[in-house]
Amino acid sequence: MRKNKSIRSLVRETELSTSDLIYPLFVVPGVEVKEEIPSMPDNYHFSLDLLLEEVAELVDLGIEGVLLFGIPKSKDEIGSRAWAKDGIVQQACRKIKDEFPELLVITDVCLCQYTSHGHCGIIEDGYVQNDATLDNLAKIALSHIEAGADMVAPSDMMDGRIQAIRTKLDQSGYQDKAIMAYSAKYASSFYGPFRDAAHSAPEEGDRSSYQMDPANSEEAMREISLDLKEGADIVMVKPALPYLDIIRRASDQFNAPLAAYNVSGEYAMIKAAAKEGWLDEEETALESLLSIKRAGAEIIITYWAKKVAKLIQ
Ligand code: PBG
């Protein structure tokens with residue numbers, strides 16, 4: 001059954017397709033900025049004026065969704081630039097939607113890029129204040145949707161934020177806008193390159209009082225189940241490769257669209273090894289994404305999206 005190409009493709013169980021992929025984009029203030037992110041080669045910081053060129057290329061390649069991250073020009077204690085009408089992500093949503101109304105625009109909803117302390121919520125007594133943060137998260141989500149986003153993706157890991165966001169969107173007339181919940185998001189070292197890219201590393205401490213303990217699997221099922229009850233339309237496991245078991249469990253246990261985030265560190269590892277000549281970049285990238293899909297994710301958020309779209313075209 002493995003003798004030649006045609007028989008192998010006849011019995012192949014999993015197929016990767018461009019429509020499975022979502023490409024993250026980093027938007028920064030300024031003009032004429034297209035700067036490569038050192039720890040994530042081939043991924044860039046774009047200013048608003050150059051963003052559309054990149055998006056046009058993605059659309060041409062058949063990529064159907066992007067996930068937007070903003071790097072604001074200023075930060076404060078509560079992260080108020082995150083819900084500003086003229087904030088960086090809000091402007092990017094308007095620009096992209098004007099030009100490419102068909103492209104699915106998803107926005108990351110979090111505070112860590114916007115707070116001076118770099119944590120994902122309001123800090124008091126050295127701890128993130130879960131309930132006090134919910135209203136701000138809902139405000140961010142609404143501001144993105146008002147700017148034209150199709151879907152919001154809360155990545156903060158506060159309890160109850162899906163319900164807070166769903167209620168806010170519904171009350172504002174946006175019953176038809178979707179939520180992709182970062183449900184099982186682990187406190188992972190694999191986010192290192194992203195935190196360089198987004199300038200969002202916590203000044204003090206780490207995120208283990210709100211992100212999940214890598215040792216836990218049952219808890220991931222509880223988190224996903226809660227998010228679905230609160231109104232999540234898509235649930236996510238993050239990171240992907242070190243958590244394929246969680247993806248598989250989630251896909252067996254829940255009847256909901258499942259996304260996996262192939263995070264910055266997973267990407268950087270392959271890039272670094274390939275640069276040394278120790279791994280074949282394209283083969284390894286394709287195999288990684290295929291394994292995430294085989295584990296049960298229907299949607300993969302990945303920095304490889306553009307490259308892989310070219311490869312499988
Ligand atoms: C924001 C956020 C992070 C990532 C996505 N959204 C960083 C974090 O939680 O520290 C990580 C993405 C990646 O590593 O590619 N909270």
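User: By class, which residues does the shell around the ligand have, and how many of each?

Analyst: This is a predicted model, in which local features need pLDDT of at least 70 and side-chain atom pairs count only at pLDDT 80 or more, while totals for chains, interfaces and linings use all residues. Residues are numbered from 1 along each chain as its sequence is written. The ligand is surrounded by residues including Asp 108, Cys 110, Tyr 191, Phe 194, Arg 195 and Arg 207, a residue being near if its C-beta atom, placed from the backbone, lies within 6 Å. With Ala, Val, Leu, Ile, Met, Phe, Trp, Tyr, Cys and Pro taken as nonpolar, Asp, Glu, Lys and Arg as charged, and the others, Gly among them, as polar, the shell has six nonpolar, three polar and three charged residues.

User: Is Glu 223 buried or exposed?

Analyst: Glu 223 belongs to helix α7, residues 218–230, helices being DSSP runs of H or I with at least four residues and strands runs of E with at least two, numbered from the N terminus. A residue is buried if 20 or more other C-beta atoms, placed from the backbone, lie within 10 Å of its own, exposed if 12 or fewer, and partly exposed in between. Because Glu 223 has 22 C-beta neighbours inside 10 Å, Glu 223 counts as buried.

User: Which residues is Ser 116 in contact with, leaving aside its neighbours within four places in sequence?

Analyst: Ser 116 sits in the loop between β5 (104–109) and β6 (123–124), and it is partly exposed because 13 other C-beta atoms lie within 10 Å. Its C-alpha atom is separated by 5.2 Å from that of Lys 75, although the two residues are 41 apart along the chain. Counting a contact when C-beta atoms placed from the backbone lie within 7 Å, and with those sequence neighbours left aside, Ser 116 touches Lys 75, Asp 76 and Glu 77.

User: How many residues of strand β4 are buried?

Analyst: In a regular strand the side chains alternate between the two faces of the sheet. Both faces of β4 are covered, with Gly 65, Leu 67 and Phe 69 buried on one side and Val 66, Leu 68 and Gly 70 on the other. For the strand as a whole, residues 65–70, the number buried is six of six.

User: Which residue in β5 is the bridge partner of Leu 67?

Analyst: Strands pair if DSSP finds at least two bridges between them, and β1 (residues 21–28) pairs with β4 in the parallel sense over six bridges. Strand β4 is also joined to β5, running parallel, by four bridges. Within β5, the partner of Leu 67 is Ile 106.

Technical notes:
Contact = placed C-beta atoms within 7 Å.
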